[in-house]
Amino acid sequence: MTIPVHLMSKGRWVGLLVAVLGATMDAQTIPGPSKLSEQAIAVALDAQTSAPGYVSSAFASQTDSASQTLHILVGRSIFITALSRLKRVYISDPTIIDSFTSSPTQIVVTAKIAGISSLAMWDETGRSQIYVISSDTDATTLQNELHEALPKDNIQVTTRGDRITLTGTATDALSLDTAGKLAALYGKTVVNSLVVRPPHLRQVKLKVQMIEIDRSKMETFGVNFLKQGNAAFTASTGQFPAVGVTSASSTGTSAAPAPSLSIVSPLNLLLFSSSLNLGMILQDLQDKQILQILAEPTITTVSGQKASFLAGGEFPFPVVQASTGGIASVSISFRPYGVKLEFTPTVNADGTIRLIVAPEVSDLDFSNAVTIAGYSIPAISTRRAETEVELRDGQSFAISGLLDHRTTDIYNKMPGFGDIPLLGQLFRSKSTTHSTEELVVIVTPILVDPLTDTTPPVLPNLPVPMLDVKQFDKTVVKQPVVETPQPGTGGKP
């Protein structure tokens with residue numbers, strides 16, 4: 001029999017020598033095989049091999065009640081080798097483990113399901129050995145699946161019998177629940193000891209550009225005629241205000257005064273002949289207007305949280321409310337207007353940004369105001385958009401675009417006279433209005449980390465420099481300080 005030298009300490013060398021000498025003397029007096037010497041060596045060493053899948057057993061005494069604990073993964077097998085020929089093998093729970101006798105001194109133990117079972121062995125001399133075998137669930141497969149399903153979580157798996165224990169940290173409650181459900185597929189009892197530690201939330205800075213350009217062009221042309229004197233009259237298409245002719249009634253003591261002209265609107269050009277008492281007023285105008293609005297609100301919020309922005313104001317308006325006594329009461333409510341922005345960003349796992357954004361541009365419209373109980377309530381001209389998009393970091397996207405072209409043409413003429421060739425133009429009037437409105441809203445989400453970003457904010461360029469306090473104090477003429485003596489100090493009063 002060969003014994004590894006590295007398994008024996010100094011004390012065991014002495015025991016080995018005594019055992020070998022005693023076994024040699026017994027062998028000389030008792031003929032037979034060298035099995036007894038092997039047993040003596042085994043008793044002296046109390047040896048058992050610790051290599052994976054291999055267990056050596058030595059039956060030390062007739063009534064050895066000490067048991068050894070072995071762990072086997074479900075579906076795996078180990079060898080148990082005895083130094084003597086085996087006589088009988090007993091398994092307490094055959095549903096958990098199974099044994100196979102491969103040789104007179106060796107058996108193969110296979111774990112069938114998770115659990116704990118006892119294994120007892122007897123040799124031909126009647127000596128026995130008991131093993132407590134724990135059939136454990138394979139944690140490697142579960143550990144790999146958890147890593148693939150939850151790569152951002154730090155989860156460790158330990159098993160003992162049919163019990164699976166999860167330890168570590170999870171990023172959120174959903175990851176904790178997912179890990180528990182996966183572990184339940186591998187064992188009946190799952191001890192979920194994970195701790196939820198949310199990571200540093202990512203933040204999104206949203207830049208919004210609202211560009212509105214409103215162009216309008218109006219052209220008007222018209223002619224009004226008037227006659228003053230005994231046969232005073234006016235001729236107009238009615239589109240533009242005419243000139244009124246008034247005449248005063250005569251009294252008994254004085255003659256009637258001459259008729260007078262009441263000019264409602266002088267239009268552009270007034271031609272009047274005093275000899276003929278005939279005049280003409282010409283309307284020929286061209287008006288161009290342009291309105292340009294550029295708003296660039298910028299706001300930052302964490303992922304999943306709603307943020308809002310308003311640059312404008314609120315105007316009051318009355319609200320009539322009925323009371324129980326039948327007398328109505330009037331309360332004041334406020335309606336915001338201006339540049340308004342509301343958005344909710346969500347940063348996905350792949351770095352994209354899901355964005356719910358609602359920009360709005362509104363202003364007061366007094367041309368469509370209404371008057372109620374003495375209150376003049378203006379209308380609100382509003383341009384609003386609301387949508388949900390998914391963008392990458394730094395990507396710009398036009399979420400709303402409006403191009404509105406309008407043409408209004410008003411044409412009036414005097415019947416008969418307006419149909420005369422060439423001269424009929426003097427008895428016609430027209431007003432043409434062209435308007436073009438363009439509105440574009442451009443959104444740019446940017447992932448930021450204010451905790452590590454050291455870039456200082458950029459201030460806007462000031463058209464007028466701020467006051468320099470030091471330079472201002474130097475230019476101020478300083479008055480001499482006059483000391484006034486206090487009474488009773490010896491100075492002049």
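**Exercise 1. Determine how many aromatic pairs the structure holds, and describe how they are arranged.**

*Solution.* Step 1. The structure, which is a predicted model, holds two aromatic pairs.

Step 2. One pair is formed by F315 and F317; their ring centres are 5.9 Å apart and their planes meet at 45°, which makes the pair tilted.

Step 3. F315 also pairs with Y337, again in a tilted arrangement, with 6.3 Å from centre to centre and 55° between the planes. Since F315 belongs to strand β20 (residues 307–321) and Y337 to strand β21 (residues 329–347), this pair ties together parts that are 22 residues apart in sequence.

Step 4. Through these ring pairs, F315, F317 and Y337 are linked into a cluster.

**Exercise 2. Classify F315, F317 and Y337 as buried or partly exposed.**

*Solution.* Step 1. Buried means under 20% relative accessible area, and exposed means over 50%.

Step 2. F315 has 9% relative accessibility and therefore counts as buried.

Step 3. F317, at 24%, counts as partly exposed. Y337, at 24%, is also partly exposed.

**Exercise 3. Identify the residues that form a nonpolar patch on the surface, and locate F417.**

*Solution.* Step 1. The patch consists of F417, I420, L422, L423 and L426, which together have about 500 Å² of accessible area.

Step 2. F417 is found in the loop between β25 (397–413) and β26 (428–448).

Step 3. Because its relative accessibility is 43%, F417 counts as partly exposed.

**Exercise 4. State which residue lies over the face of W122.**

*Solution.* The residue is R88, at 4.3 Å from the ring centre of W122.

Notes. Residues numbered from 1 in each chain as written. Predicted model: local features only at pLDDT ≥ 70, side-chain atom pairs only at ≥ 80, totals over all residues. Heavy atoms only, no water. Patch = residues over 30% accessible without salt bridge, like charges linked within 9 Å, V, L, I, M, F, W, Y side chains within 5 Å. Areas by Shrake-Rupley, 256 points an atom, 1.4 Å probe, with all protein chains shown as cover. Salt bridge = Lys/Arg side-chain N within 4 Å of Asp/Glu carboxyl O. Helix = DSSP H or I, 4+ residues; strand = E, 2+ residues; numbered from the N terminus. Buried < 20%, exposed > 50% of the residue type's maximum accessible area, 1.4 Å probe, protein only. Phe/Tyr/Trp six-rings, centres within 6.5 Å; stacked < 30°, edge-to-face > 60°. Lys NZ or Arg CZ within 6 Å of the ring centre and 35° of its normal.
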